[in-house]
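This briefing is written for a reader who is meeting the structure for the first time. It begins with the ligand and its surroundings, and then goes through the sheets, the helices and a few details of the loops.

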Amino acid sequence: MVGPIWVLVDHSKGQITYVTKEMVQDANEVARSLGVQVWAVLIGGDESAEEPWDEQVGRFGADHLVRVSAIGVRFLTAEVYSIILDELSRQYEKPYLMIIANSIEGQEIGARLATRWGTGYANDCVSFSIGLKGNVEATRITHGEQLETIVAFSKGPAIISFRPGSAGIGLPTEGHRAKEYSSQIDLSSYLCEQDIQGIFPADPRKIDITEADFIVACGHGVGTQDNFLILQELADKLGAAVAGTRRANDKGWVNIERRVGLTGKTVCPQLYLAVGISGAREHVVGMDTSKAIVAINKNPRAEIFRLAHLGVIGDSREIMLALLRKLKEK
Ligand SMILES: Cc1cc2nc3c(=O)[nH]c(=O)nc-3n(C[C@H](O)[C@H](O)[C@H](O)COP(=O)(O)OP(=O)(O)OC[C@H]3O[C@@H](n4cnc5c(N)ncnc54)[C@H](O)[C@@H]3O)c2cc1C
């Protein structure tokens, strides 16, 4: 009998993130094949959540939720996370598989935890399953995204970090709640190596688009490089990250790192402002779960309007300039 699967909950502003939903849902599937349960570990989710945490993780398949509050530390660094997870593994049954979101911080947590647990860690995994020998196997895309590499763990706990957007999410089970526990961990006796002097908001021009709360997305209908600069200015004023379609990418206005869709990234921001985007299926699959979608397009029959919560029919340049004027007035 092996241990449960733990998922470290990635969250922002009282809500679990898209990657958490993916991780919990995939963990649930693997847990069923192993005959074990899924534990979601929530660290630092003290802010008021619109929807209870046990419901947020439960509807995607978590059986249990451990809410951890850490005392004696100012900031939750990767080091602190790894200490907490290690402490928890003494309070609850140690996991067979630990899944963490693959952010820069997530990678550091994974590596630090692997050192503490004397086990292996695979970063940037796009899927995971149980191999013929009952061991965890994780798939990574390697060699410049050309090859798939399967990492087979010879023993547990296996630790992986999971690439956001690589699984997608299926239908949640509404009304299912995880059983909640709480743990308080006192870290005042730990001599942490890291200390953070302050936390500052990320620069939207540099942020990974999968992490952005606001996105202004550029389509071919933006028309020219000059108009793209207006779009960038609009994004800067809104504190938004710029993303785009494949055609905008082909034009050289946005780079491939910022492409949204089938052959790009999957995003789920609070606001997705689609400028001059037709709404082709290959693009839409990467953004259709955005909380609010606003589309600007001169063609009233554009597909994107089927999806948009708010549609503006007109010339993208004129509308962007009008929006900028309004923002500057404010
Ligand atoms: C296998 C495959 C994978 C693909 N993967 C991706 C992917 O990952 N991401 C992706 O985005 N695409 C992808 N594509 C391409 C996709 O099919 C579309 O071609 C692409 O998304 C269209 O980009 P667009 O909306 O910018 O351009 P268009 O389809 O050319 O649309 C431009 C829109 O701008 C509007 N417009 C024009 N002028 C103005 C103006 N002055 N003001 C306002 N609106 C205006 C037009 O009405 C039109 O709706 C893929 C295609 C294939 C075959």
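How many residues surround the ligand, and which are the closest? In this predicted model, 27 residues surround the ligand, and the closest are Gly219, Gly221, Thr245, Gly261 and Ser278. Elsewhere, five strands form an open sheet with parallel pairing, and another open sheet, of nine strands, has mixed pairing.

**The shell around the ligand**

- Sorted by class, the shell around the ligand is made up of seven nonpolar, 14 polar and six charged residues.
- At least two residues of this shell come from each of α6 (246-250), α7 (281-284) and β15 (292-297), and α6 gives the most, with three residues.

**The sheet of five strands**

- The strands of this open sheet follow the order β13-β12-β14-β15-β16, and their pairing is parallel; the edge strands are β13 (241-244) and β16 (310-313), each of which pairs on one side only.
- From one strand to the next, the twist of this sheet averages 20°.
- Strand β12 (residues 214-218) is joined to strand β14 (residues 271-275) by five bridges, with the two strands running parallel, and within this pairing valine 216 has leucine 273 of β14 as its bridge partner.
- On the next step across the sheet, β14 and β15 also pair in the parallel sense, over five bridges, and here alanine 274 stands opposite alanine 295 in β15.
- Four bridges then join β15 to β16, which again run parallel, and the bridge partner of isoleucine 296 in β16 is valine 312.

**Helix α5 and its neighbours**

- Helix α5 (residues 225-238) lies across three strands of this sheet, namely β12, β13 and β14, and runs at about 175° to β12.
- Two packed helices are described by the angle between their axes and the distance between the axes.
- For α5 and helix α9 (residues 316-329), the packing angle is about 30° and the axes are 10 Å apart, while the crossing of the two helices is left-handed.
- On the α5 side, this contact involves Asn227, Ile230, Leu231, Glu233, Leu234 and Lys237, which meet Ser316, Arg317, Met320, Leu321, Leu323, Leu324 and Leu327 in α9; by class, the contact has eight nonpolar, two polar and three charged residues.

**The sheet of nine strands**

- This open sheet has its strands in the order β9-β8-β7-β10-β6-β1-β4-β5-β11, and the pairing is mixed.
- The edges are taken by β9 (147-152) and β11 (179-186), each of which has a single partner strand, so one side of each is left without a neighbour in the sheet.
- The twist of the nine-stranded sheet averages 35° from one strand to the next.
- At the β11 edge, strand β5 (residues 64-71) pairs with β11 in the parallel sense over eight bridges, and valine 68 stands opposite serine 183 in β11.

**Helices α3 and α4**

- Helix α3 lies across β4 (38-43), β5 and β11, and runs at about 125° to β5.
- The axes of helix α3 (residues 78-91) and helix α4 (residues 104-117) come within 8 Å and cross at roughly 45°, and α3 and α4 are therefore oblique to each other.
- The crossing in which α3 passes α4 is right-handed, and the contact is made by Ala78, Glu79, Tyr81, Ser82, Leu85 and Asp86 of α3 together with Glu105, Glu108, Ile109, Arg112, Leu113 and Arg116 of α4.
- Counted by class, the contact of α3 with α4 has five nonpolar, one polar and six charged residues.

**Details of the loops**

- Glycine 156 and proline 157 are joined by a cis peptide bond, for which omega is about -5°, and proline 157 lies in the loop between β9 and β10 (158-162).
- Lysine 13, a residue other than glycine, has a positive phi value near 50°, and the place of lysine 13 is in the loop between β2 (11-12) and β3 (15-16).

How values were computed
Residues are numbered from 1 along each chain as its sequence is written. This is a predicted model: local features need pLDDT of at least 70, side-chain atom pairs count only at pLDDT 80 or more; totals for chains, interfaces and linings use all residues. Two strands pair if DSSP finds at least two bridges between them. Axes are lines fitted to C-alpha atoms, for helices over the stretch in contact, and angles run from 0 to 180 degrees between N-to-C directions. Two residues are in contact if their C-beta atoms, placed from the backbone, lie within 7 Å. A residue is near a molecule or strand if its C-beta atom, placed from the backbone, lies within 6 Å of it. Ala, Val, Leu, Ile, Met, Phe, Trp, Tyr, Cys and Pro count as nonpolar, Asp, Glu, Lys and Arg as charged, and the others, Gly among them, as polar. Angles under 35 degrees count as roughly parallel, over 145 as roughly antiparallel, 65 to 115 as roughly perpendicular and the rest as oblique. A crossing is left-handed if the near helix is turned anticlockwise from the far one by less than a right angle, and right-handed if clockwise.
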